[in-house]
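Q: Could you take a close look with me at one part of this structure? I would like to hear about the interface between its domains.

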Amino acid sequence: MSEDTLLQVPLADPLADNRAIADALNGACSKVIGSGRYILGTEVEAFERAFAEYVGSAFAIGTASGTDALTLALLALGIGPGDEVILPSHTAGPTAAAVRNVGATPVLVDVEDESFNLDPRAVEQAMGPAVKAAIAVHLYGRPANLEALLSVCRSQRIALVEDCAQAAGAKYDGRSVGTFGDLGCFSFYPTKNLGAIGDAGCVVTSSKDLSERVKRLRTYGWTKPQFAELEFGRCARMDEIQAAMLSVKLPLLNEWNDRRRQIADRYSHAFADLPLNLPATDDRTQPVYHLYVARTGQRDQLESFLMDRGVQTGRHYPYPIHAQPGLAGSARIPKPLTATEQIGLEILSLPLFYGMTETQIEYVVESVHAFYKQ
Ligand SMILES: Cc1ncc(COP(=O)(O)O)c(C=O)c1O
């Protein structure tokens, strides 16, 4: 194929996704500018109400990012120095960063080979007197094994925090992720399934006490109306503009997730006969395909073949947390981490986003087939 016939297919394209609703976004943005209220006003309140209703949770608290949501959730649980938090070593860096942010020690354990998610047996085996919580990450938009994880956490009397950064709208047994654990944490980073026009995040919980604590902690620890700082908090609140952008997009989230599932189905169907290990499905979960991640022993070759054809791919994530001293710090690392080690060598994320055109989808399919026909 000659250079000029090459299509460029990005891994994600927030501009393509947002272009279709640009008028509504611009209108909502102007309204906030004209309101004169830019922090903790009616837009944040309205989005929090709508998001709580969307996931089916009693409370939602807007935060400045997904990392802040996780950090505030751990702080609200009273977790700090001397405590341990179990999390999968195969995850995005911010999951571990949140544990470090509160001064606790990460305990890095293995994931299930098929689901890429926290292995409940590994949680059980990693238990110790200092463990106060586990973080289940719904990686790539696929819900973790919540029934087993809840059972381990309840029996060990530790908290369960859900990292739903990649899973807005995903369901487990028909119920939204984020509503199973003590707190659920979302990221609205621009490429996420529900993406802001900048950074934003959210904590959901059914506990009034925890919700009030997260609210206080996101604004320096202030208690209105006296502004007395009962405890040391952060500056980690969602701003009005991002809330307004998210309120435009939230009503579209189900449709956008449906489209993601359609594209994922197209890939899974088209690649069924190829020697590629495709995302496993499971009747109990409704994933939202934040990422479509295939596995192959020829990952590096497929990756560079696709790159030469203009198809952008990703590795989510090439290095486990336990191999990154800056994130792991003085983590406790119970072995084995068999699945985690292997996954990092084999995973490849293919382009998938709401605004993907039929031509782009077909081109990705053709390009992957072309690799195996060589
Ligand atoms: C699994 C996971 N956890 C946490 C985060 C942190 O979210 P944010 O980038 O909004 O801080 C991300 C996003 O990058 C993520 O993918």
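How much area is buried between domain 1 and domain 2, and what percentage of that area do carbon and sulfur atoms give?

A: Happy to. This is a predicted model, where local features need pLDDT of at least 70, side-chain atom pairs count only at pLDDT 80 or more, and totals for chains, interfaces and linings use all residues. Residues are numbered from 1 along each chain as its sequence is written, and side-chain values use heavy atoms, with hydrogens and water left out.

An automatic or database domain assignment splits the chain into domain 1 (3-13 + 253-373) and domain 2 (17-251). About 3900 Å² is buried between domain 1 and domain 2, with 53% of it from carbon and sulfur atoms; buried area is the accessible area (1.4 Å probe) that two parts lose on being put together, summed over both. On the domain 1 side, Leu253, Arg284 and Arg332 lose the most area to domain 2, together 20% of what that side buries.

Counting contacts (heavy atoms within 4.5 Å), 45 residues of domain 1 meet 48 residues of domain 2.

Five salt bridges (a side-chain nitrogen of Lys or Arg within 4 Å of a carboxyl oxygen of Asp or Glu) are found across the interface of domain 1 and domain 2. Arg284 also has a salt bridge with Glu147, at 2.6 Å from N to O.
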